[in-house]
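Here is a short note for a colleague opening this structure for the first time. Please keep the view open while reading the points in order.

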Amino acid sequence: MTYSRIAGTGRYLPERIMTNHDLEQMVDTSDEWIRTRTGVERRHVCADDETVSQMCIEAAKIAMDAAGVTASDIDMVITGTTSPDLIFPNVSTIIQHELGIPACTAFSLEAACTGFIYALSTADKFIKAGEAKCALVMGAECITKLVDWSDRNTCVLFGDGAGAVILKPSEEPGIISCHLGADGQYKDLLYYPVGASKNLAAAGTADARIMMTGNEVFKVAVKTLGRIAAETLEKAGVSKEELDWLVPHQANIRIIQAMAKRLDMPMEKVIVTVQDHGNTSAASVPMALDVGIRDGRLKKGQLILTEAFGGGFTWGSVLLRL
Ligand code: ACO
């Protein structure tokens, strides 16, 4: 049986940092409110001319280096994103070409904040089926370009960035189990009202902004993430005591703390980046993985649960051994 395993990770964060104090100058908010309600202290914001593909390319180069692979080794590129460069061609083809990766399967995948978990799970299936030998899997967002900077309900939450992993076949797992889900009945609680075939004329107007019923999102997120964490562990026959680390989606410190509590995990066993990155949507889990690996907390052989929740709603979790 062939499994897939993460061979290397990388991340890229835009140069510009926006602090809570910067936001105090823009909307009626306070550093204290943002920190206590969300855990966010600062976030990176991409430049006007910066794109998801550019950020992914930088993150990918670092991941390729860490995995010891070159462009010619890669035969699959998947990017989870809701803020791609263009509607088409899909952003993975731009990344494939710019990195000099030979022609291969390359697509992007849109599942809001769960985009990377969906992408990782998809690449895992291709590798297990023997249809890919070396996958470049990314989660990336220029989500601040969709933010209304005059809306204090949403503008304090988000940040930009890109995370990348190289996934390769392995005799040992690797990716142990993946659990994906979605329920469109919640579509009106979190959405962006402009797309290619709906409301395109509103692009660039005040109506084009993230719409969110924050407290309802919060409640469903905590309930759903708790349930899927339990389901993922049960499916894999793993008890919560066996987990070495939780690497959660970084939407809100209070959601992360609630998840840790449900898993009886002390916060020392949770990778938290929300204070530095904000909610980077699909980029948050791969960037948190990279942070934990590079600062030496996440070590080879350890058992890690990752999870994410986003607009749709979509949700997903991956149990893996590094
Ligand atoms: N500064 C100061 N006050 C604010 C701000 C702000 N930035 N934003 C809202 N408020 C006010 C509200 O207007 C409200 O005032 P009111 O009581 O006078 O009406 C008050 O604070 C409380 O508002 P709530 O929305 O009830 O506050 P809550 O405790 O729920 O926190 C938050 C809001 C942080 C958005 C929280 O609900 C949350 O994190 N929800 C989940 C959001 C999320 O994770 N979204 C993304 C997930 S999916 C994805 O990542 C795409």
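1. Start at the hairpin. β12 and β13 form it, with three residues between them. In the turn, G312 has a positive phi of about 140 degrees. Bear in mind that this is a predicted model.

2. Next, look at how the two arms of the hairpin pair. β12 covers residues 303–310. It pairs with β13 in the antiparallel sense, over eight bridges. To find the register, take T306: its bridge partner in β13 is V318.

3. Now turn to the other pairing of β13. Strand β13 spans residues 314–321 and is joined to β8 by seven bridges. These two strands also run antiparallel. Two pairs help to place them. S177 has L319 of β13 as its bridge partner. A182 stands opposite T314, again in β13.

4. How is the whole sheet ordered? The order is β8-β13-β12-β11, an open sheet of four strands. The pairing is mixed. As a general reminder, strands of a sheet pair through backbone hydrogen bonds, either parallel or antiparallel.

5. Why is one side of β8 and of β11 left without a neighbour in the sheet? Both strands stand at the edges, and each has a single partner strand, so one side of each stays unpaired there. β8 is residues 175–182, and β11 is residues 245–248. From one strand to the next, the twist averages 10 degrees.

6. Is β13 mostly covered or uncovered? It is mostly covered: of its eight residues, seven are buried. Here, buried means under 20% relative accessible area.

7. Leave the sheet and go to a helix pair. Helix α3 is residues 52–67, and helix α4 is residues 91–99. They pack at an angle of about 55 degrees. Their axes are 10 Å apart. The two helices are therefore oblique to each other. α3 passes α4 in a right-handed crossing.

8. Which residues make that helix contact? From α3 come V52, S53, C56, I57, A60, K61 and M64. From α4 come V91, I94, I95, E98 and L99. By type, the residues of the contact of α3 with α4 divide into nine nonpolar, one polar and two charged.

Notes. Residues are numbered from 1 along each chain as its sequence is written. This is a predicted model: local features need pLDDT of at least 70, side-chain atom pairs count only at pLDDT 80 or more; totals for chains, interfaces and linings use all residues. Side-chain values use heavy atoms; hydrogens and water are left out. Two strands pair if DSSP finds at least two bridges between them. Axes are lines fitted to C-alpha atoms, for helices over the stretch in contact, and angles run from 0 to 180 degrees between N-to-C directions. Angles under 35 degrees count as roughly parallel, over 145 as roughly antiparallel, 65 to 115 as roughly perpendicular and the rest as oblique. A crossing is left-handed if the near helix is turned anticlockwise from the far one by less than a right angle, and right-handed if clockwise. Contact means heavy atoms within 4.5 Å. Ala, Val, Leu, Ile, Met, Phe, Trp, Tyr, Cys and Pro count as nonpolar, Asp, Glu, Lys and Arg as charged, and the others, Gly among them, as polar. Buried means under 20% relative accessible area, exposed over 50%, partly exposed in between (1.4 Å probe, protein chains only).
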